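Here are my notes on this one, as numbered points. Have the model open while you go through them.

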Amino acid sequence: MIDPVLLRENPELIKRSQEARGDSVEAVDSALAADAARRAAITSFEALRASQNQFGKRVASAPPEEKKALVAEAQSLAAEVKAAGAAATDAEARFTTIVRTIANPVIDGVPAGGEENFSTLRTHGQTPTFDFEPRDHLELGELLGAIDMARGAKVSGSRFYFLRGIGARLEIALMNMALDHALSAGFVPLITPTLVRPEIMDGTGFLGEHNDEVYYLPGDDLYLTGTSEVALAGYHKDEILDLSAEPLRYAGWSTCYRREAGSGGKDTRGIIRVHQFNKLEMFAYVLPDDAEAEHDRLVALQEDMLQALGLSYRVIDVAAGDLGSSAARKFDIEAWVPTQGAYRELTSTSNCTTYQARRLDIRYRTESGKTAPVATLNGTLATTRWIVALLETHQQADGSVRVPVALRPYLGGLELLEPVSRP
RNA sequence: GGAGACGUCGCAUAGUUCGGCUUAGUGCACCACCCUGCUAAGGUGGAGUGCCCUUCACAGGGCACCGUGGGUUCAAAUCCCACCGUCUCCGCCA
């Protein structure tokens, strides 16, 4: 949720952000009007309530023979209070409904516009070239006995798969490498719940524009999370954190579930876009003033990983219209996928500033002793999808795949993935 | 799944029987000051969260909050209902 004080004091800033995102600018004026109505309703309710409280004291201390008359008098006042209370509640709800449609104001420098309006911050590594016709990740995965899409579909439907043999080991290796990297950067590992309550899902902002993407279990009123960010953000819900010494940093390890509802026909081959995958996610709770520096730090950690794996990539500053409501800025790292001749997203890191924390009521104490919402940030450190870039980038003419040096310790020293005879 | 107990201001608790004397008492911890040659002990005072109003500000006033949400009532921590959570016992269990 945006800061209501900012809304009141600097609506123009929010309007500019809405404009850059391609979201409703009028929503800002509606929210201002709803805020004024809400405050007026609260004020009149509280005045009535105060007089009712006073009256209650008179009734309590009145002699029995006067009580009856006083009670009769109080009844009409009670009705007024009730009506005013209901009006205040309604006005509050209307304000909340409108204000929650307004996305986090983007940070200066974020490019305006939609998906294609990103700006490239930097690229790293030569895009790989081959003196043979490169195989795509699924063909390689099948040769290596690593990926089994057909049986995944048999058991669970399209966009499901089995990782087997070296494929399964590869994923575990990647996750462990990422975990070690996170540990050395001071992150606390957390294996998170993947089923969460509605208020947690809602608090993290995933029931808004991502609603169609989320698996829901009506029998239990629980949601399957599409990223451990949800549980990691919910972890400190309703708490006042001490961030004075240093930020709280967590590395969440979880399976992620996504319906991929709007992506029919897109990326149907292989494990690029699937309903279930594993991810190691970084999450940081920091003081608002430190958020941008932390954001840079998260990207740097991601780049370390991609560089260690010998992948060619670019870092992009995602355009305002492609941000998602909670993020004030988002950096994606996209790795080169040779057979697609394109960069594909491997990581994403968002600075949600105080937007997510305000909804989840996660605060810290300022120097004056007041409470204020913290800033939250999140970012990918490894996912199943990385296998795609890894296999394609390091493949050789015979279908074997070289293992990057940094990954070898996680595969028992294995240097080469070789085709198996019996897939 | 069944039966029962419980959920109060950071922690521990009182208050719930019989609704108003609760602006929720007490102890510990915390902060400030006082006192004592130092320390310990003691004394006095302060202190929660959110929102609204007045104010340049300092500050002041008000409303709400006793797990959450409803209800009854002139009035709810207290009565009623639902839900959530914790614990105990029983049942079930890949």
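How much of the chain over residues 136-404 is helix and how much is strand, and how far apart are the end C-alpha atoms?

1. Keep in mind that this is a predicted model. To take the question: residues 136-404 come out as 29% helix and 30% strand, and 18 Å lies between the C-alpha atoms at the two ends of that stretch. The range itself is from UniProt, where an unreviewed entry puts the feature "domain: Aminoacyl-transfer RNA synthetases class-II family profile" at these positions.

2. On the domain split: the assignment for chain A has domain 1 at 4-99 and domain 2 at 115-417. Taken over C-alpha atoms, the centres of domain 1 and domain 2 are 43 Å apart.

3. Next, have a look at helix α2, residues 11-21. Its buried residues are Ile14, Ser17, Gln18 and Arg21. Viewed down the axis of α2, these buried residues fall within an arc of 100 degrees, so they line one face of the helix. Right after α2 comes Gly22, with a positive phi near 80 degrees.

4. Then there's a little sheet to check. It is open, has three strands in the order β5-β7-β6, and pairs antiparallel. β5 (195-196) and β6 (215-217) are the edge strands with a single partner each, so one side of each has no neighbour in the sheet.

5. Still on that sheet, β5 and β7 (residues 222-224) run antiparallel and are joined by two bridges. If you want a spot to zoom in on, Leu195 sits opposite Leu224 of β7.

Conventions: Residues numbered from 1 in each chain as written. Chains lettered and ligands numbered in written order. Predicted model: local features only at pLDDT ≥ 70, side-chain atom pairs only at ≥ 80, totals over all residues. Pairing = 2+ DSSP bridges. Helix = DSSP H or I, 4+ residues; strand = E, 2+ residues; numbered from the N terminus. UniProt positions renumbered as here; feature names shortened; annotations may be inferred. Buried ≥ 20, exposed ≤ 12 C-beta atoms within 10 Å, placed from the backbone. Arc of directions from axis to C-beta. Domains from an automatic or database assignment.
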